[in-house]
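Reader: I would like a close look at a single part of this model. Please take the aromatic residues in the core and set them in their surroundings, with the cut-offs stated.

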Amino acid sequence: MTLVKKSEKEQLKQRLLNELPELEKAGWKKIHIDLLKKHFTFYYSLIHSEIPPKEEKYKKFVETIKNWKTAKPKNIHEEIYLNYTKFFMKKNSNKKDDKILDPVWKNIPQNISGAMQYSQEMIDKLNTEYESESWEDWYDDWKYR
């Protein structure tokens, strides 16, 4: 069970308020935005098990949101939070794809010849061509020279 402090809930609420212009740009209806603002912390608390879902409709809500990739919303609350979850995931996943090119390191080849992994064929060839020599044999050879 994850407990979220009031200050963290306020930070989440503030993050949502900062994202509202993006939601409006994305074509969200005013009634959906208002419902999301009004019930956001309650939705979040349900999903993160802070508030145990006692009624069947809350249990269904949690199950729907847990399966957010494939779930079909059955009421407006599920629809709103599913859309918000998809919006949030899409917004945050795009940042990971951006590659920062470092002007110093971009000219260094990725697989330089001394650091490449040997192929399995080469490993087998090395193992068959050379006999293994024990440490004792090697030591004795140098000991009596």
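Author: What follows starts with the whole chain, moves to the core and its aromatic rings, and ends at the surface.

This is a predicted model, in which local features need pLDDT of at least 70, side-chain atom pairs count only at pLDDT 80 or more, and totals for chains, interfaces and linings use all residues. Residues are numbered from 1 along each chain as its sequence is written, and side-chain values use heavy atoms, with hydrogens and water left out.

The protein chain has six helices and zero strands. Helices (H or I, at least four residues) and strands (E, at least two) are DSSP runs, numbered from the N terminus. The order from the N terminus is α-α-α-α-α-α. Of the 145 residues, 21% count as buried. Buried means under 20% relative accessible area, exposed over 50%, and partly exposed in between (1.4 Å probe, protein chains only). A contact means heavy atoms within 4.5 Å. Among contacts between residues at least 6 apart in sequence, 51% join residues at least 24 apart.

Now the core. The largest nonpolar core has 22 residues. Such a core is a set of buried Ala, Val, Leu, Ile, Met, Phe, Trp, Tyr and Cys residues joined through side-chain atoms within 4.5 Å. L23, W28, L36, F40, F61, Y81 and Y84 touch the most other members. Helices α1 (6-25), α2, α3 (56-66) and α4 (76-97) each supply at least two residues of this core. The largest share, eight residues, comes from α2.

Next, the rings. A search of the whole structure finds nine aromatic pairs. One of them joins F40 and Y81: it is tilted, at 6.4 Å centre to centre and 40° between the planes. This pair links distant parts of the chain, with F40 in helix α2 and Y81 in helix α4, 41 residues apart. Rings of Phe, Tyr and Trp (its six-membered ring) pair if their centres lie within 6.5 Å; planes under 30 degrees apart count as stacked, over 60 as edge-to-face and the rest as tilted. F40 counts as buried because its relative accessibility is 1%. Y81 is buried too, at 7%. Both belong to one aromatic cluster, formed by F40, Y43, F61, Y81, Y84, F87 and F88.

F40 has further partners. Leaving aside neighbours within four places in sequence, F40 is in contact with L12, K13, R15, L16, Y81 and Y84.

Two other residues of α2 add context. H32 is found in this helix, which spans residues 30-47. H32 counts as buried because its relative accessibility is 13%. Beyond its neighbours within four places in sequence, H32 is in contact with I76, E79 and I80. F42 is also found in α2. F42 is partly exposed, with a relative accessible area of 28%. Not counting residues up to four places away in sequence, F42 touches I51 and Y58. The C-alpha atoms of F42 and K9 are separated by 9.9 Å, and these residues lie 33 residues apart along the chain.

Last, the surface. The protein chain exposes about 12,300 Å², of which carbon and sulfur atoms supply 53%. Accessible areas come from the Shrake-Rupley method with a 1.4 Å probe; for residues, only the protein chains shown count as cover. M122 is found in helix α5 (residues 120-129). M122 counts as partly exposed because its relative accessibility is 33%.
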